[in-house]
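This report describes selected features of one structure, beginning with charged pairs and continuing with the ligand site, the loops and the surface.

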Amino acid sequence: VPTIQILSDRLASQIAAGEVVERPASVVKELLENSLDAGAGEIELDLEAGGRRRIRLADDGSGMERADALLAFDRHATSKIRTFEDLEQVSTLGFRGEALASIASVARVELSTAISPEDGWRVRIEGGRVLSVEPAARPRGTAVEVASLFFNVPARRKFLKTPETELRRCLEIVQGYGLSRPEVRFLARHEGRALLDLPGAPPGESGRRDRIRQVFGASLADELVAIGPAGGQVGGLVGKASSAKGRRQFVFVNRRLVRDRAVLALFYRSVREEWRSEDFPALFLYLELPPEDVDVNVHPQKAEVRFRNPRFLVSVDEALRQALGKARGFAAAPGRAIVEASAPSAAWEGLGGRGLDASGAGWISEAEAGAAAWGSAWERPGVSSPGKLAETIYSPLDRRPVPLSGRSGGARTARLLGQYKGTLLLVESQEGLMLVDQHVAHERVLYERLRRDLLGAKPEVQNLLQPIWIEASPAERLRLAAAIDALDSIGFDLREHSGGRLALSALPAGMTGEEAERLVLALAGGGEVPVEAPALRARVIENLAASLACRAAVKMHHPLAPEKAEALLTELFEAEQPFACPHGRPVALLLDDRDLETRFGRR
Ligand SMILES: Nc1ncnc2c1ncn2[C@@H]1O[C@H](COP(=O)(O)OP(=O)(O)OP(=O)(O)O)[C@@H](O)[C@H]1O
Ligand SMILES: [Mg+2]
């Protein structure tokens, strides 16, 4: 008896469905794409229990006649391509003829559609079986209702997240397509409550900013800088450094919402290189090129594409870098502020009291640097001029080795040789010559100290007389709603007001309003928010400690007395993680003896 058997059609479609339909948001995406392909000008989405119980999407597109309404649910049934040549130049979002068949095999589906009000039909399908077809009066267009997703696939159902999380993902899809099609009106409701209402804006480039304003608010939309020339293949908008909050990077290829790794990687690299920053600004990138130049058939959910001409990515890269340059031109300093003139807050002094004189070191301004009370032989007035390397100072040192007991490596000794251009500490160690970036080292040390302090106690709270108003998209607000109790437990008072605006009226002491806003939006946009209070608290504290440490750490081009430098090194080598700053930059470079010997031709 042969052991190989052909699977039944139903089982085969359920397996295939697994590729396309992973969760409610994938259903929303497929239905939305169908409506857009049908030329809809208005799209309404209704969800229940985050889409797990019910998803209903209605459009005013072309509609279908009776025979098509039935055929639409067959696998490989599509009106969009007919030949292999068509596949090579797809201009619609759909083309596989799989989505409706897949959805219908794992849910209870009702489709009602009409090409004109007199010619309407209702089809009911369950688990892939047609139950009924009957005439139904309705306006032109199509509505698809998907109930009890995965009712017949319990294994899949188990992998769904909470209704809040699934709802957020659905909204993210609607927002994404909303940004792609400013001219289309989108309305999304959850259990009767409108969460997203995007009135139609002008089509194409001119409406993009309007749509961004509708989704994310005016403060973001008004400061965006254009990418590429108008009407070009590479267009869109990029934010200034102040927009580097949350995760607001969107890429559209021929108006298709994608998460293309190659394009995003280009963007991240450009920001790192052009801005020297790990804080990525908002990005709305619209790539428009002839359909035959893009292969859209490379990813099961069409989330990635391939460009037939690799040089296209080069022009994307150039346009991004140019726009990033322009965007930076308007901002004082990207990401990390270099000089903060304000005085240290009381809380900060309380936290930073040990070991290094953190308040003195961190809060000193560049101009004051020369006059600072470091009591150092190295001190020279006017040593630091912002933007330029400080003038070189030679000052031979005669110092004894200091014992540096590393947590990881046991006791070792090292000798401070000097300071290079007010920036790097030169250290002779057993392994070789070490160059320690004093700012990053100080940041690391402060970070660990702050994190310990903050974890140990409830941080002091500062109440604001005027709340800070934060603009967030509906999907971002949902994410925050899940985290509000945990935020509260660490000193944030964040509330949603009418119109979807968020008011922040208290924040942990020692944090500036801008940092608090950045942190709140980072939580709103980044990965999965830990829902349990302790995990969120730990994450917020890490964030808080990192930002306080960065602001307070001794700056570059700052003369550092040898005693201070030694204290810094000693504490650094006792740190849990001595060799990376909280932002991931390296703290020290080692030129080891072998390397030096090779370079001097002694080996
Ligand atoms: N909202 C709609 N309005 C009009 N026609 C629709 C609508 N939704 C689906 N159709 C028709 O049903 C067909 C099948 O839809 P389905 O989503 O299964 O496949 P597709 O869009 O052609 O390809 P893909 O699987 O890539 O999405 C479509 O080709 C289209 O003709
Ligand atoms: Mg489709």
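## Salt bridges

Asp 222 and Arg 213 form a salt bridge in which the closest N and O atoms are 2.8 Å apart. Arg 213 has a relative accessibility of 32% and therefore counts as partly exposed. The model is a predicted one. In general, side chains of opposite charge can pair when their charged atoms come close. The count of salt bridges in this model comes to 31.

A second pair consists of Arg 185 and Asp 197, whose side chains meet in a salt bridge with an N to O distance of 2.9 Å. Arg 185 belongs to strand β7 (residues 185-190) and Asp 197 to strand β8 (residues 193-198), so this pair ties together parts that are 12 residues apart in sequence. Both partners are partly exposed: the relative accessibility is 25% for Arg 185 and 42% for Asp 197. Beyond such pairs, a network of salt bridges links Glu 48, Arg 53, Arg 54, Arg 56 and Glu 145.

## A salt bridge involving a ligand neighbour

Asp 37 forms a salt bridge with Lys 80, and the closest N and O atoms of this pair are 2.9 Å apart. Asp 37 lies in helix α2, whereas Lys 80 lies in the loop between α3 and α4, so the salt bridge ties together parts that are 43 residues apart in sequence. Asp 37 is partly exposed, at a relative accessible area of 22%. Lys 80 is also partly exposed, at 26%. Lys 80 is in addition one of the closest residues to ligand 1.

## The surroundings of ligand 1

Which residues are closest to ligand 1? Of the 21 residues that surround the ligand, the closest are Thr 78, Ser 79, Lys 80, Glu 98 and Lys 302. Oxygen atoms of the ligand are approached by side chains and by backbone. A polar side-chain atom of Ser 79 lies 2.5 Å from an oxygen atom of ligand 1, and a polar side-chain atom of Lys 302 lies 2.6 Å from an oxygen atom of the ligand. For Leu 100, a backbone N or O atom lies 2.8 Å from a ligand oxygen atom. Taken alone, ligand 1 exposes 590 Å², of which the protein buries 93%.

The elements that give two or more residues to the shell around ligand 1 are α2 (24-37) and α5 (99-105). Helix α2 gives the most, with three residues. By class, the shell has seven nonpolar, eight polar and six charged residues.

## Positive phi angles

Most residues other than glycine have a negative phi. Ala 49 has a positive phi of about 50° although it is not a glycine. Ala 49 is placed in the loop between β1 (42-48) and β2 (54-59), and its relative accessible area of 13% makes it buried.

A positive phi also occurs in His 76, where the value is near 60°. His 76 lies in the loop between α3 (66-71) and α4 (84-88). Is His 76 buried or exposed? With a relative accessible area of 54%, His 76 is exposed, because the cut-off for an exposed residue is over 50%.

## Two further loop residues

Ser 473 is found in the loop between β20 (461-470) and α15 (474-489). At 1% relative accessibility, Ser 473 counts as buried, since the class requires a value under 20%. The side chain of Ser 473 is joined to that of Gln 175 by a polar contact of 3.2 Å.

Gln 430 occupies the loop between β18 (424-429) and β19 (432-437). Gln 430 is exposed, with a relative accessible area of 55%. The C-alpha atoms of Gln 430 and Asp 592 are separated by 8.8 Å, although the two residues are 162 residues apart along the chain.

## A nonpolar surface patch

Leu 7, Leu 11 and Ile 15 form a nonpolar patch on the surface, and together they have about 270 Å² of accessible area. Leu 11 is located in helix α1 (residues 9-20). With a relative accessible area of 38%, Leu 11 is partly exposed; this value satisfies the patch requirement of over 30% relative accessible area.

Terms used:
Residues numbered from 1 in each chain as written. Chains lettered and ligands numbered in written order. Predicted model: local features only at pLDDT ≥ 70, side-chain atom pairs only at ≥ 80, totals over all residues. Heavy atoms only, no water. Patch = residues over 30% accessible without salt bridge, like charges linked within 9 Å, V, L, I, M, F, W, Y side chains within 5 Å. Areas by Shrake-Rupley, 256 points an atom, 1.4 Å probe, with all protein chains shown as cover. Salt bridge = Lys/Arg side-chain N within 4 Å of Asp/Glu carboxyl O. Helix = DSSP H or I, 4+ residues; strand = E, 2+ residues; numbered from the N terminus. Buried < 20%, exposed > 50% of the residue type's maximum accessible area, 1.4 Å probe, protein only. Near = heavy atom within 4 Å. Polar contact = N/O pair within 3.5 Å; in protein donor to acceptor, adjacent residues only side chain to side chain. Nonpolar A, V, L, I, M, F, W, Y, C, P; charged D, E, K, R; others polar.
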